[in-house]
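User: I'm new to this structure and would like to learn how to read it. Could you show it to me and walk me through a few features?

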Amino acid sequence: MTKITKFSVNFDYRCPFARNMNEHVVTALKEGADFDVSFIPFNLSQVHVEEGEPSIWEDPDKTDDLLANEVGYIVSKLYPTEFPSVHLALFALRHEQAKSLKNFGEIANLLEEHGVNPARIQSELDNHTYSREVQKLHETQVKELKIFGVPTIFSDDQAAFVRIMTRPLSSSESSTTIIERVLDQIFNHPELNEVKHTTVAR
């Protein structure tokens, strides 16, 4: 069996399951896991655009739907050391604090708390420096790997949508163990295509 250590995981900060997966990956890295991970934005709003309608990147009414993912991506490029904490904090902003991911004021406060200059991020947003990159990353996932949602783990020509039901704080196992098991299943056992429990343990 091949031990997989290099992979990508996508995210949209609105999805609680993306939060679970990304938290486990970040926690595994903090535990010392030998992973080479790329965190890739994916926009769920675009998935629901009807055929013939403008993409969210072309629709001025959807601009706010792009904000959080683009901020996360910009931080990953300009502040790679701070990115893991900002990444998890953006999920928490939505799922714990119930604050709007469309409000840069809320996001700016979060950035400052984690050592990121909000004015620099705002400048990159205003200049659309990374907008095209974020769009291309989304479109590449859809076109080349048929990715339809988050969280998806992918490497080379293989991709799998995976839901982890626990967060690191609620799991009895290390995040490294959980992610290694997921990677093994995806890349070493592709013959098992889909498993879904009929009930969820509480």
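Analyst: Let's begin at K146, which lies in the loop between α7 and β3; helices (H or I, at least four residues) and strands (E, at least two) are DSSP runs, numbered from the N terminus. You are looking at a predicted model, in which local features need pLDDT of at least 70 and side-chain atom pairs count only at pLDDT 80 or more, while totals for chains, interfaces and linings use all residues. Residues are numbered from 1 along each chain as its sequence is written, and side-chain values use heavy atoms, with hydrogens and water left out.

User: What is the phi of K146 near?

Analyst: Phi of K146 is near 60°, which is a positive value in a residue other than glycine. P151 also has its place in the loop between α7 and β3. The peptide bond leading from V150 to P151 is cis, with omega near 0°.

User: How do I read the sheet, and in what order do its four strands come?

Analyst: In general, the strands of a sheet pair through backbone hydrogen bonds, in a parallel or an antiparallel way. Here two strands are called paired if DSSP finds at least two bridges between them. In this model four strands make an open sheet with mixed pairing, and their order is β2-β1-β3-β4. β2 (36-41) and β4 (158-161) are at the edges with a single partner strand each, so one side of each has no neighbour in the sheet. From one strand to the next, the twist averages 20°, with axes taken as lines fitted to C-alpha atoms and angles running from 0 to 180 degrees between N-to-C directions.

User: Which strand do two bridges join to β1?

Analyst: β1 (residues 6-11) is joined by two bridges to β3 (residues 152-155), and these strands run antiparallel. To find the spot, look for V9, which stands opposite I153 in β3.

User: Now for the empty spaces: how many cavities of 30 Å³ or more does the structure hold?

Analyst: On a 1 Å grid over the protein atoms alone, a cavity is a set of points where a 1.4 Å probe fits but cannot get out, and a pocket is an open set with protein on both sides within 12 Å along at least five of seven lines; lining residues have an atom within 4 Å of a point. Grid points are joined across faces, edges and corners, and the volume is the space filled by probe spheres set on them. The structure holds one cavity of 30 Å³ or more, and about 50 Å³ of space lies in the largest cavity. Its lining is made of P41, F42, N43, W57, L66, N69, E70, V134 and H138. α3 (63-78) and α7 (131-145) are the elements that give two or more residues to this lining, and α3 gives the most, with three residues. By kind, the lining has five nonpolar residues, three polar and one charged; Ala, Val, Leu, Ile, Met, Phe, Trp, Tyr, Cys and Pro count as nonpolar, Asp, Glu, Lys and Arg as charged, and the others, Gly among them, as polar.

User: What about the largest pocket: which residues are the closest to its centre?

Analyst: The largest pocket contains about 1,400 Å³ of space. It is lined by 32 residues, and F161, V162, R163, I164 and V195 are the closest to its centre. β4 and α8 (175-188) are the elements that give it two or more lining residues, and the largest share, five residues, comes from α8. The lining divides into 16 nonpolar, 10 polar and six charged residues.

User: Which residues does S171 touch?

Analyst: S171 sits in the loop between β4 and α8. Leaving out residues up to four places away in sequence, S171 touches H24, T166 and I178, where contact means heavy atoms within 4.5 Å. M1 is 170 residues from S171 in sequence and 26 Å from S171 in space, C-alpha to C-alpha.
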